[in-house]
Amino acid sequence: MGQTHLYLIRTHRTNNRAAEQQQGDMEVLFLQRARRRRALQQQQQPQQQQQGPQRQRRRQERIFRPRTTLHGLRERDIIQRYRLNWQAIQQLLTNIEQQLAPTLVTPRTIPTETKLLAVLHMLASGSFQTTGALVGGISQPSFSAFLPKVLDAIIGLTPRHICFPNTLQKQQETKQGFYAISGFPHVLGAIDCTHVRLVPPAASEHLYRNRKHTHSINVQAIVDHQGLISNIVA
């Protein structure tokens, strides 16, 4: 019985020593890892200090170009650039200004006139967004952001300005106008079609291929005796 008790005491002491040794080894390993981590941070710190000024030098200063306006442009230049005269642009601006008015006005807010002129130039010249942005004095991302809003505002005016003669008085005026031009009676409009070239979507490319093996969309337009569009289908 005494030998058994002595054996248990020795075994307990041996286990305690093993646990203490294992704990000591873990502490040494932890200290070694901490020293390595600290040494690695000290090595990386000078590199970050050297790279800091380089990153600051690479950062370009933001340049604000002057916004485009109609001020100082001759009527001939306005028509050549935007396909509309000064009066038509001002009327269009008045009709869509409320829809495009910014909610927050800052010194760098893009004026509604600049947005409209940039979009009109792109539509009149058939150019890309980058060209329209350069002409308007704005960046291409900003141009891309407000382009759908301006187009929707312009399209929303379609029922007000493009309308086929729907009353007896308007129909009679149109007939008399065409008769005065060509002596042809009972004419309500002159119709014609044209192909407008475009870059087709990849999913339905075949739908836009014409007989000349190019891609376009067929546009039909009707005008009255004054040359005003009364109906258009694309």
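Begin the tour by selecting His 186, which sits in the loop between helix 8 and strand 1 (190-197); helices (H or I, at least four residues) and strands (E, at least two) are DSSP runs, numbered from the N terminus. This is a predicted model, in which local features need pLDDT of at least 70 and side-chain atom pairs count only at pLDDT 80 or more, while totals for chains, interfaces and linings use all residues. Residues are numbered from 1 along each chain as its sequence is written, and side-chain values use heavy atoms, with hydrogens and water left out.

**Two histidines in loops**

With His 186 still selected, look at its backbone: phi is positive, about 55°, although the residue is not a glycine. His 186 has a relative accessible area of 67% and is therefore exposed, where exposed means over 50% relative accessible area, buried under 20%, and partly exposed in between (1.4 Å probe, protein chains only).

Move next to His 213, in the loop between strand 1 and strand 2 (216-223). The phi of His 213 is also a positive value in a residue other than glycine, near 65°, and with a relative accessible area of 66% this histidine counts as exposed.

**The whole chain, coloured by confidence**

Now zoom out to the chain, which has eight helices and three strands, running from the N terminus as α-α-α-α-α-α-α-α-β-β-β. Of its 234 residues, 20% count as buried. Among contacts (heavy atoms within 4.5 Å) between residues at least 6 apart in sequence, 50% join residues at least 24 apart.

Colouring by pLDDT, the predictor's confidence in each residue on a scale from 0 to 100, shows where to be careful. The chain averages a pLDDT of 81, and 77% of the residues score at least 70. Among the elements, helix 1 (residues 2-58) has the lowest mean pLDDT, 59, and helix 8 (residues 168-182) the highest, 95. Select residues 5-9 as well, since pLDDT stays under 50 there and the model has zero contacts for them beyond four places in sequence.

**Helix 4 and its surroundings**

Select residues 112-125, the 14 residues of helix 4, and compare the helix with its expected span, which is 1.5 Å times one less than its number of residues. At 1.5 Å a residue, helix 4 should span 20 Å, and its end C-alpha atoms are 20 Å apart, which agrees. Just after the helix comes Gly 126, whose phi is positive, near 70°.

How many of the 14 residues of helix 4 are buried? The helix is mostly covered, with 11 of the 14 buried, among them Lys 115, Leu 116, Val 119 and His 121. To see what covers these buried residues, display elements that include helix 2 (75-82), helix 3 (86-100), helix 5 (129-136) and helix 6 (140-155).

One residue to pick within helix 4 is Thr 114, which has a relative accessible area of 1% and is therefore buried. Leaving aside residues up to four places away in sequence, Thr 114 touches Arg 67, Thr 68, Gly 136 and Ile 138.

**The nonpolar core and its aromatic pair**

A nonpolar core is a set of buried Ala, Val, Leu, Ile, Met, Phe, Trp, Tyr and Cys residues joined through side-chain atoms within 4.5 Å, and the largest one here has 23 residues. To find it, select the residues with the most contacts inside it: Tyr 82, Ile 89, Ile 96, Leu 116, Ile 138, Phe 143 and Phe 146. Helix 2, helix 3, helix 4 and helix 6 are the elements that give two or more residues to this core, and the largest share, six residues, comes from helix 4.

Keep Phe 143 and Phe 146 on display, because a search of the whole structure finds one aromatic pair, and the rings of these two residues, with centres 5.4 Å apart and planes at 65°, form it edge-to-face. Rings of Phe, Tyr and Trp (its six-membered ring) pair if their centres lie within 6.5 Å, and planes under 30 degrees apart count as stacked, over 60 as edge-to-face and the rest as tilted.Both residues lie in helix 6, three residues apart, about one turn of the helix. Phe 143 is buried at 0% relative accessibility, and Phe 146 is buried at 6%. Beyond residues up to four places away in sequence, Phe 146 touches Ile 110, Lys 115, Val 119 and Ile 138.

**Last stop: two cysteines**

Finally, select Cys 163, partly exposed at 39% relative accessibility, and Cys 193, partly exposed at 42%. A search of the whole structure finds zero disulfides, a disulfide being a pair of cysteine sulfur atoms within 2.5 Å.
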